[in-house]
Number of protein chains: 4
Amino acid sequence: MTIETALDDRTFTKHESEVRSYCRDWPAVFDTAQGSWLTDVDGNRYLDFFAGAGALNYGHNNPVLKDALVDYIVRDGITHGLDMSTRAKGEFLETFAAKILEPRGLDYKVQFPGPTGTNAVEAALKLARKVTGREAVINFTNAFHGMTLGSLAVTGNAMKRNGAGVPLVHTTPMPFDNYFDGSVEDFAWFERVLEDSGSGFNRPAGVIVETVQGEGGVNVARPEWLRGLADLCKRKDILLIVDDVQMGCGRTGEFFSFEEAGIVPDIVTLSKSIGGYGLPLALTLLRPELDVWEPGEHNGTFRGNNPAFVTATAAINKYWSDDALSVQVKAKGMEIAQSFEDLCQRHDGLSHRGRGMVQGLAFDKPELAGRTCEIAFSKGLLAETSGPDSEVVKLLPPLTMSSEDLAHGLQILSESVDEAFAADTAPEEAEA
Amino acid sequence: MTIETALDDRTFTKHESEVRSYCRDWPAVFDTAQGSWLTDVDGNRYLDFFAGAGALNYGHNNPVLKDALVDYIVRDGITHGLDMSTRAKGEFLETFAAKILEPRGLDYKVQFPGPTGTNAVEAALKLARKVTGREAVINFTNAFHGMTLGSLAVTGNAMKRNGAGVPLVHTTPMPFDNYFDGSVEDFAWFERVLEDSGSGFNRPAGVIVETVQGEGGVNVARPEWLRGLADLCKRKDILLIVDDVQMGCGRTGEFFSFEEAGIVPDIVTLSKSIGGYGLPLALTLLRPELDVWEPGEHNGTFRGNNPAFVTATAAINKYWSDDALSVQVKAKGMEIAQSFEDLCQRHDGLSHRGRGMVQGLAFDKPELAGRTCEIAFSKGLLAETSGPDSEVVKLLPPLTMSSEDLAHGLQILSESVDEAFAADTAPEEAEA
Amino acid sequence: MTIETALDDRTFTKHESEVRSYCRDWPAVFDTAQGSWLTDVDGNRYLDFFAGAGALNYGHNNPVLKDALVDYIVRDGITHGLDMSTRAKGEFLETFAAKILEPRGLDYKVQFPGPTGTNAVEAALKLARKVTGREAVINFTNAFHGMTLGSLAVTGNAMKRNGAGVPLVHTTPMPFDNYFDGSVEDFAWFERVLEDSGSGFNRPAGVIVETVQGEGGVNVARPEWLRGLADLCKRKDILLIVDDVQMGCGRTGEFFSFEEAGIVPDIVTLSKSIGGYGLPLALTLLRPELDVWEPGEHNGTFRGNNPAFVTATAAINKYWSDDALSVQVKAKGMEIAQSFEDLCQRHDGLSHRGRGMVQGLAFDKPELAGRTCEIAFSKGLLAETSGPDSEVVKLLPPLTMSSEDLAHGLQILSESVDEAFAADTAPEEAEA
Amino acid sequence: MTIETALDDRTFTKHESEVRSYCRDWPAVFDTAQGSWLTDVDGNRYLDFFAGAGALNYGHNNPVLKDALVDYIVRDGITHGLDMSTRAKGEFLETFAAKILEPRGLDYKVQFPGPTGTNAVEAALKLARKVTGREAVINFTNAFHGMTLGSLAVTGNAMKRNGAGVPLVHTTPMPFDNYFDGSVEDFAWFERVLEDSGSGFNRPAGVIVETVQGEGGVNVARPEWLRGLADLCKRKDILLIVDDVQMGCGRTGEFFSFEEAGIVPDIVTLSKSIGGYGLPLALTLLRPELDVWEPGEHNGTFRGNNPAFVTATAAINKYWSDDALSVQVKAKGMEIAQSFEDLCQRHDGLSHRGRGMVQGLAFDKPELAGRTCEIAFSKGLLAETSGPDSEVVKLLPPLTMSSEDLAHGLQILSESVDEAFAADTAPEEAEA
């Protein structure tokens, strides 16, 4: 049976649930990928400005990682290891400690909570509650932390929350940085309700925050805001959880996105690009004094995804033995920002924001963001929208993208924006 | 830096959280594996009667799957695909439909909810609640469904539940089959509270059940009990969810563990061995009329783990094109049962139960179960306990284990049981 | 303006919410009452077999209590006292201790939680949770404990639960005595799930139980069942709360309904007839070692309803200085039971049950219970139905009802039952 | 037995729970009362500036109401009527409609939810949830709505919330008027989170608000703020509940405290002074189109407290047939405010606020508020503190207090404040 000849949309519409989403925006059947490029079954090539929503910081099928992975598989390295001690895990732990934690003065214990971001978040929330004996958690407007019930309760998106089928409780959102365009003092509300014993707030176990909200619309927290938050948590004896699932692993420049602010969270979650090759892996990092878990109190069948340990180790060795990648990320981030700035000069109703290689182009008319991505796709570029009204074109290119590819992609995007605006104006002119 | 020479327990105790568990029982650093055997960094070999808690039904690094996987990686097949349409996913869907669903007269839609069992369960619970507009869910005593908040609420283990840090609500346990040793009529309580408008039960959206409770102590539901449950759900308009994460993919003989009972659940969860090679993958199967998801209403970064689609497809083609594996599983299951029966004849305070290749040996003295596993490990056999008091030695060997290996393992286990009993009796004799 | 001439149904249908209920069954406008009789604005008289749902154990406007009340009001005794110390409260406390608690060897501390039964239950549940640090509470099938959210969560009736508007959680119902007609061992399920650490039950803070479920259909717990429950609670370190709001104050014979079983609950709630005259009052009694309340941690504006203290004291002095009332209640209870037994002999599909002066006549055809009450009303008797399907005619006459009135009422009821059955059979005969 | 000679503190400390509170601040055993004065068992008289926390707006044992009450009792008027139609209830309904609702253009249906404020609030919250199908409710910082679980969840005080023993969920506090001293735009946060589909707020069923927060520290909402809130609720389709339990019945001048703002809430709760004489009574008023209750869906044994209907009717006829009382309340309110203003001029660290005859004197040093009340008590004046740190002396005198008594009380209070400040300064001077 040669199934592949039949592969088109019908396979997926017939067999797969209506819950599928990206495939609706990018109606192609993808086959292979290398670096920043994907190829579909018809041989069409696409430049990737989305990179697995941040899971492919080192590009598709990165050759260095690929070699390590194939070697490991060929030599019959353990594939599935639960939480048994394995060579691959041991080497990852030693490498992560030596190359990532120690140079940054961090002494986190590492928990492997199951290989997805939402699992890392669930473990973080459980631990914060267990340590403090409190149930409440503070999250932020437009946060995204995952789809399982614990993580969903700290996620902002109303459509996704409605999917829970039960009321999501024990969580209270606070305004993220700049939620009021600077008109309200940072933490005025948060600090006030903590100090006021009559405020009616349930005293929180912890605060969970993204330094840059990707799904929320590329909302960037200023370093001083993050420091203010860390300071508030410290003064009020509340645990600070940084969810670095999407913004960690160099996306914003440094390995951890919170390094720029000079803060040390109590708990950190990592996933997406920590495996390096796009293989499922997740970590919950905890200050040693918080490591009060009972053996097996949180577990998961795939928490020891050893091939991902191998590629994770290779990625760290390759990209985090010096600061070359960080320097590049910052430089390329500025290129993107410059391109966006040019677009903003050219069009009204457009603004941009971002940090490192997560950059957003925000449209006053949300439909133009979607239209831009559609046009870009037709020109062979993958880019996605985010934000509560899908009003922001969010770029998450591979950190390893070449300058030529980056320039090429930005050129396509620039044309797409121009065309989206032109199409938007045209009818009105016609009416005039 | 040659890290590997330093790999011993200290790496893990220093860097890894106290939450780790299996590594405590099996104090070795494993390196490679093939079929039913693992090898540690010192060259010691271990026969595997646990198989990744059911994630390695086709053995470690199964050569057929390995070839497909390496080929896919070498040719730069898409690794990480979110929920984009890919060749690997399409081929999996076509193969799963053609070889698994259609021959069984099933027309489930397939949801990829994120690559772990708990994610599949969370999606199933969400959907049941969304479809019915009710919050309550019925679970069973000694159930195990996962560690994220939604799944944990339907899990029985008190230690794991305590880890939640918030009260686990919206769920009510019912007695699993044979909970009262046959002295109470099946569903007497469940049916009565549903019929009695004054019972105080919140009307449930769904029931979630394992056909054999692995973590719960190898508790086997009889086919007639499962039919009774399915019938009750149908009469009372409650959705029936079978969690086949551990018992599916042939563990009990047929592909789905509920086939023997002749029931068709509304929703089915699969994970563990569905990927075939031990790579993270999970499916939530739903009757087409239940597919009311909004696009993206449940998502997850690693829901499109394409290498796992490749090995999953290869596994189905290899093992589920005919009924040879099913036949073997039943035969080997009987061999294990026979060996257990012999042990029970030899020792008081011992009983056994199981279905297909999930078999449990239950000790009246729970400590003897743990002691048996310790002795077995010292003899080169991996086996684990389960049950609320860790009183059951639970066997989950690879379904593909050779008869020689199976006999060898059962021999070791048999000796280990004998020694455990001997050691238990010895001190008392000494005292006498 | 002479409003009274206009008083008919229209006043109430126009101004009062649709939530009103008793007035629909008894379509009269009542004006005065004395002892066991009510009179409506048109001068019609009604014999009261309902007695304010148990709030008028000493009859309407009992002369002894009335004298004390009028004297108190006339001399300007404190009416509203919050929880200030007042003479009326002090005299009540001393009298309650001397006449009720001490003779029974009880040393409860008295809490005035607000003047309604639901308030007493809310205080009891809060305290049980506070003392134990646990959230879960066990209630029983067909329980009734009140309408505020905490009490409603332990109440069985589905219609009333649906009124909550939020999922009612933290509570799990257990089968009340004889729920399975004796076919299942008492506490088999309850004890088993407490002992099984894998059962998935949240360990409860307390159990709340009525010794006779009035609203639930006059379900009588046997003394041995209550002793078994008390014993189980003690062994498992769970607090036992007896809700004696309806069954206390002599309704079943002794002052407390649990005396017959010889148990001593940890917490007891009293309301309804504790004020004696039908004035709002409620008590939560607690073992002294449980009195860990902070001052003001539970409060309520009307917790010091001093006129009710006065009538409560007068009632205790009058009726609980000796055992005359208890003896009478048992004797009259037997008269009612005998009358019911005669009816059961005469009609198929009829059974009866009860204790003291709470007696129920249960109809296999629920509609006959309602029809019986309608006919009785037309004959000048007030009686009500209870039970999940309103299938039980529930009698709660004043404990002080004269033998003549009781006989008269039973005669009316007897005729009403006969007529209800006759009307039920008639059409079928006509058809035949 | 002459119990009264023995009545002192020991009666209460021995028999009553530690939860008692006011009796600790006012260590006397009160006996009788008339108008604005209480007398203790030793004959000492106390001027009442607290009036049953607002339950005695017409003074203690008001002669007009007392006559009606005694007449009713003497003529054997129905005392306890569940929700049967009675003459007393009918006359109350007609009077309330004719004198209170109709002149104000209001067409509320009246629910009698049980005779306490918390019952009225529970009914209001249930109804808002039932009508909208949503669970979430917005409350305000420093709100007080009652002690049963539903009401407690919308109450701010941390100590009282901790008494719940379960996490209080489904509610989110918003900043009450002036919470940030005018530095933050009204409803900026509230409106923003409602409009932002990514804010993570659960869409609320309703908002519950006090126009003046008595327990919260005499925080007065400005009319324009209330109008803004009402407008926001209307635009966003959220039900507006005004809890007028303490501030209704003329406390702020008009009968309903929200009249001044010109708003019409969807639901209103009344209790405390609605009975007029300090007898338990409560009302939930609802717009007719919201009256979707099922018969009996919310009930309560004492919801028909007929003696309270009688005094309520008498109070309305006496005090609400014209606007004389309203005018007086405003005038006396200004006298209190003037006295407070004088004190603020005289002392640093003192401010005042209030509306009508609820007036607060706020101390920067909370302990001075308590000290002031202690001194006042020693001088024969009853006054209490409120606010999250008990930093506000809160005056709630009877609305009917004579000018002489008011002046006398203010004189005592003024001296008490002076002495409290003097004692506070003295030691510091001594140290200097």
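Which residues in helix 4 of chain A meet helix 11 of chain A? Some notes on that and on the chain contacts follow.

1. First, the ground rules. This is a predicted model, where local features need pLDDT of at least 70, side-chain atom pairs count only at pLDDT 80 or more, and totals for chains, interfaces and linings use all residues. Residues are numbered from 1 along each chain as its sequence is written, chains are lettered from A and ligands numbered from 1 in the order in which they are written, and side-chain values use heavy atoms, leaving out hydrogens and water.

2. Back to the opening question. From helix 4 of chain A come A:Val64, A:Leu65, A:Ala68, A:Leu69 and A:Tyr72, and their partners in helix 11 of chain A include A:Pro307, A:Val310, A:Ala314 and A:Tyr319 (contact means heavy atoms within 4.5 Å; helices are DSSP runs of H or I, at least four residues, numbered from the N terminus). The residues of this contact split into 10 nonpolar, 2 polar and 1 charged (Ala, Val, Leu, Ile, Met, Phe, Trp, Tyr, Cys and Pro count as nonpolar, Asp, Glu, Lys and Arg as charged, the others, Gly among them, as polar).

3. As for geometry, helix 4 (residues 63-74) and helix 11 (residues 306-319) of chain A have axes 9 Å apart and pack at about 145° (axes are lines fitted to C-alpha atoms over the stretch in contact, with angles from 0 to 180 degrees between N-to-C directions).

4. Helix 4 (residues 63-74) turns up again between chains: the copies in chain C and chain D have axes that come within 11 Å and cross at roughly 165°. That makes the two helices roughly antiparallel (the label for angles over 145 degrees). C:Lys66, C:Leu69, C:Val70, C:Ile73 and C:Val74 meet D:Lys66, D:Leu69, D:Val70, D:Ile73 and D:Val74. The tally here is 8 nonpolar, no polar and 2 charged.

5. Now chains B and A: 109 residues of chain B are in contact with 109 residues of chain A. The area buried is about 9800 Å², with 61% from carbon and sulfur atoms (accessible area, 1.4 Å probe, that two parts lose on being put together, summed over both). There are 10 salt bridges between chain B and chain A (a side-chain nitrogen of Lys or Arg within 4 Å of a carboxyl oxygen of Asp or Glu). B:Lys89 and A:Glu16 form a salt bridge at 2.9 Å, N to O.

6. Chains D and A bury about 2600 Å², carbon and sulfur atoms giving 55%. On the chain D side, D:Tyr179, D:Trp189 and D:Ser197 lose the most area to chain A, together 23% of what that side buries. The rule finds 0 salt bridges across this interface.

Notes: Parallel < 35°, antiparallel > 145°, perpendicular 65-115°, else oblique.
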